[in-house]
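Dear colleague,

Please find below the sequence and the structure that I am handing over to you. I would be grateful if you would read the notes that come after with the structure open.

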Amino acid sequence: MIGSWKLVLPVGFVLYSLPLFLRVNSTSDYIIDEEFHIPQGLAFCRKQFDVWDSKITTFPGLYLIALVLHPLNGCTVTGLRLLSLVGAGINILLLYKIRRRTLAGTGGNAYAAHEAITLSVLPPLYFFSHLYYTDTLSLTMVLLFYNYWQQEAHLPAAVFGAASVLMRQTNIVWVCMCCGITILDTLIHQCAKTRTGNSKQIRLFGSELWLQMLSSPQLLCNCILSILAKCCFYASIILPFIGFICINGSIVVGDKSAHEATLHLPQILYFVVFAAGFGISNTMRQLRTVLILLRRHLLLTMLATLLIAAVVHFNTVVHPYLLADNRHYTFYVWSRLYGRFWWFRYAMTPLYVIGMAVLCCGLRHMSDSFKLMFPLALVLVLCFQRLLELRYFLVPYVLFRLNTRPSRKGLPEWMELGVHLLLNVVTFYVYFTKEFYWQNYRTPQRIIW
C-alpha cells in the first residue's frame, strides 16, 4: 500500500485542486505580491537574466525554477502559477514520507497519509499553492532537505538545503538547525560507543557527556572527525552565507527599507497561537496534561505570564504595512482587536502561556538535541521579523507538526482536517466574492491570508 499512497496522494491532490486553481487563475493577472514575482519569473523563464526588479528582497531561486517552463513554451502567468501547484503535489508526498518516518509505525500508512493531507490543506499554505509566491516551492526545498537529512544522506540534503536558501534566505536557519542536531547527536553517539548501554541514557543537558569528552583526547578527536565527515556539506552552505551577510550588511537583498532586522519577540507568541490553533489534534491531546502541569506549578505559571506580559508591553512592534494593507486577514485582526482595544494584547497572555506549553508537550518525546535546536531556530527565524505575516509561520509550523507526538488516529485528527477544509471554503469564498478598489490599481483587490 506504500507505493500506492505515493502515487495517489500527489495525483489526487493536484486533480482535486485543479478546478479551484483555474478559478483563482482567472480572477486577476497579478495578486498582490505577484506584481513583483510574475514579471521577474517571466523574464527568467525567457532567459532574460539581465532583468531584475530592485524591490525583490529574496535570492532568485523562485525565478530560476521558471526555466523548466522554457522548453515547454510555458512562459505564461498560468505556467508560473502551475509551478506552485506542482510543488504542492510534491509537498504532500514528502509530508507523507517524513510523517510516516516520525510515526514509526503508529497507525500505519493510512494514518501518515491522513496527516499529509491535513498538512497539505493547511489554509494559508493551501491558498498560496494557487499563486506564484515563494512559499510553496520554498517549503518543497525545505522538505526535500529535511527528508534526506533524516535519512543521513548528507550530500543530497546539503544540495536541497542550498536550494532552499536560494528560495528564501531565512531557510539557512533550518540548515543550521539540522546541522546543530547532527553535531549534538554525533557527540552523544560517540560517547555511547565507549561505554555499555545505549545513547538514550546519555543526556545532552547533563555533565556526564561533557566530562567524558574532555577527559578523553581520543574520544574528542573521534567526535571532531565524525562531525566533519557529516557536516562538511552543510558548512559549504553556512560559511558562504555568513560571508554574504558580512559583505551585504543584511540578510535581505534589494530594497532593505521595509525589511530591516528588528527584535520582535511577540512574533513567537503569535506563532504559538497559530500553531495551537491550526494544530488541533496536538492541542486536544495535550491540553489536559498542560492544564494539570500549569496548575501544579502555579508559581512558575504566574512568573511566565508576567514575563510574557512584559514582552508584550515593551516589545510589540507594528509594521506600517500591517496597518496599511487591507488585503490580508492580519490587517483586520490587528485593526479590530489588537490595535483597537489596548487591553486585548494583554488579555491574550494566558493563551500564550497555554499555547507555549501545548507546543512543548507535543514535542516532549523528541531528542534533547531537537528540543534545544528547534526553539533556537524559531527565535532566529521569527523574532527578527518586524512584519506580522502568517506566511512566515508556514515552514516552522510544518516542521513542528511533522514531529508532534505520535498517537492513534481518532476524533482530534478528523477535527483538524475538517476545520482546515472548512476554513479553505470560507477563505476562497471571501476571495471570490469580496472585491474593492485601490486608487492606483485598475483591477479589483481581494482579501487573502
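The notes below describe the pockets. Please bear in mind that this is a predicted model.

The largest pocket holds about 1400 Å³ of space. It is lined by 50 residues, and those closest to its centre are T57, A258, H259, L387 and Y392. Two or more lining residues come from each of α2 (34–45), α9 (172–193), α11 (217–248), α15 (320–324), α16 (329–338) and α19 (368–382). The largest share belongs to α11, which gives four residues to this lining. By character, the lining of the largest pocket comprises 27 nonpolar, twelve polar and eleven charged residues.

The second largest pocket contains about 990 Å³ of space. Here 30 residues form the lining, with I181, D185, M366, S367 and D368 the closest to the centre. At least two lining residues are supplied by each of α4 (77–103), α7 (134–150), α9 and α19. In this pocket α9 gives the most, with six residues. The lining of the second largest pocket divides into ten nonpolar, eleven polar and nine charged residues.

When you inspect the model, you may wish to begin with α9 and α19. Both helices are among the elements that give two or more residues to the lining of the largest pocket, and each also supplies at least two residues to that of the second largest pocket.

With kind regards

Notes: Residues are numbered from 1 along each chain as its sequence is written. This is a predicted model: local features need pLDDT of at least 70, side-chain atom pairs count only at pLDDT 80 or more; totals for chains, interfaces and linings use all residues. Side-chain values use heavy atoms; hydrogens and water are left out. On a 1 Å grid over the protein atoms alone, a cavity is a set of points where a 1.4 Å probe fits but cannot get out, and a pocket is an open set with protein on both sides within 12 Å along at least five of seven lines; lining residues have an atom within 4 Å of a point. Grid points are joined across faces, edges and corners, and a volume is the space filled by probe spheres set on the points. Ala, Val, Leu, Ile, Met, Phe, Trp, Tyr, Cys and Pro count as nonpolar, Asp, Glu, Lys and Arg as charged, and the others, Gly among them, as polar.
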